[in-house]
Amino acid sequence: MTLEETHISVGTDNFIRKLSVERNVRTLIAAPPTILGRGLGAGRTETHQRTMYEMIIKNGAAFQAGVGANVWSTISIEDLGRACVFLIEEAQKGDESRVQFGQNGYYFIEAFELSLADRMKAIAERLYKEGRFLTPDVQSKTIKEIRSDFGEFASYLWGSSSRIRADKLRALGWKPQDKEWLRMVQEAPGCRC
């Protein structure tokens with residue numbers, strides 16, 4: 001698998017893969033997409049979602065780029081943990097393991113896809129029910145407006161699609177269990193905004 005160095009984290013991923021071959025160390029990389037839900041550990045905060053909530057609250061309403069047709073691959077924090085445990089357990093099977101390591105030890109992890117429009121609608125409803133907004137309506141903005149209001153990173157968050165497939169992991173027998181995205185987007189108090 002060839003990964004372009006221009007993508008986020010690819011430089012680090014490629015370095016780990018190269019070093020594993022040079023040092024003869026079995027490594028694998030688990031690459032999740034957007035992670036939804038509250039963490040279950042000490043921090044118990046939302047990840048990427050928290051940044052979006054902060055921008056939405058600053059805006060005073062939920063918003064999307066255009067019609068919100070862009071789609072992101074997604075997984076729950078619980079399924080991500082289960083996938084990591086699955087890979088570790090598979091790797092411990094020794095000669096019976098089908099897990100690949102080093103240059104071929106790259107595993108995408110995803111459970112489903114979620115459009116920005118669906119996500120923003122759920123966020124707007126959550127914040128409306130919490131009394132933070134006067135309406136559950138979602139604003140439509142241009143990428144230029146989003147970039148101007150929130151910076152370059154926000155235009156990436158709201159204006160792009162990020163799609164991966166966990167075909168390689170599924171072929172080993174892993175299956176996601178949690179696809180209740182609405183619960184994950186609307187659960188509170190995951191956001192410390």
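Where in the chain's secondary structure is the place of R17? I start with that residue, and I should say at once that what we are looking at is a predicted model. R17 sits in helix α1, which covers residues 10-23. With a relative accessible area of 2%, R17 is buried, because the limit for that class is under 20%. If you look for R17 in the structure, you can also find N104, which is 87 residues away in sequence, while the two C-alpha atoms are 8.3 Å apart in space.

Let me step back to the chain as a whole before going on to its parts. The chain has 8 helices and 7 strands, and of its 193 residues, 44% are buried. Taking the contacts with a separation of 6 or more, 83% of them are between residues 24 or more positions apart.

Now to the strands, beginning with the open sheet. This sheet has 3 strands in the order β2-β4-β6, and their pairing is mixed. At the edges are β2, residues 34-36, and β6, residues 112-115, each of which pairs on one side only. From one strand to the next, the twist averages 50 degrees. Strand β4, residues 71-76, pairs with β6 in the antiparallel sense, over 4 bridges, and if you want one position to look at, T74 has F112 in β6 as its bridge partner. Packed on this sheet is helix α4, residues 116-129, which touches β2 and β6, and whose direction makes about 70 degrees with that of β6.

There is another pairing to point out, which involves β3 and β7. Strand β3, residues 62-65, runs parallel to strand β7, residues 138-141, and 4 bridges join them. In that pair, F63 stands opposite Q139 of β7. Which side chains of β3 point which way, and are they buried or exposed? A62 and Q64 point one way, F63 and A65 point the other way, and all of them are buried.

Let me turn to a pair of helices, α5 and α6. As a reminder, two packed helices are described by the angle between their axes and by the distance between the axes. Helix α5, residues 143-150, packs against helix α6, residues 152-159, at an angle of about 140 degrees, and their axes are 7 Å apart. That angle makes α5 oblique to α6, because an angle has to be over 145 degrees to count as roughly antiparallel. The crossing of α5 past α6 is right-handed. On the α5 side of the contact we find I143, I146, R147 and F150, and these meet E152, A154, S155, W158 and G159 of α6. By character, the residues of this contact divide into 5 nonpolar, 2 polar and 2 charged.

I finish with K168, a residue of helix α7, which spans residues 167-171. How accessible is K168? Its relative accessibility is 31%, so K168 counts as partly exposed, a class that lies between 20% and 50%. Leaving aside the neighbours within four places in sequence, K168 is in contact with Q100, N104, G105, Y106 and Y107. Of Y107 I can add that it is 61 residues from K168 in sequence, with the C-alpha atoms of the two 6.6 Å apart in space. N104, listed here among the contacts of K168, is also the residue whose C-alpha lies 8.3 Å from that of R17, which brings us back to the starting point.

Terms used. Residues numbered from 1 in each chain as written. Predicted model: local features only at pLDDT ≥ 70, side-chain atom pairs only at ≥ 80, totals over all residues. Heavy atoms only, no water. Buried < 20%, exposed > 50% of the residue type's maximum accessible area, 1.4 Å probe, protein only. Helix = DSSP H or I, 4+ residues; strand = E, 2+ residues; numbered from the N terminus. Pairing = 2+ DSSP bridges. Axes fitted to C-alpha atoms, helices over the stretch in contact; angles between N-to-C directions. Contact = heavy atoms within 4.5 Å. Parallel < 35°, antiparallel > 145°, perpendicular 65-115°, else oblique. Left-handed = near helix turned anticlockwise from the far one by under 90°. Nonpolar A, V, L, I, M, F, W, Y, C, P; charged D, E, K, R; others polar.
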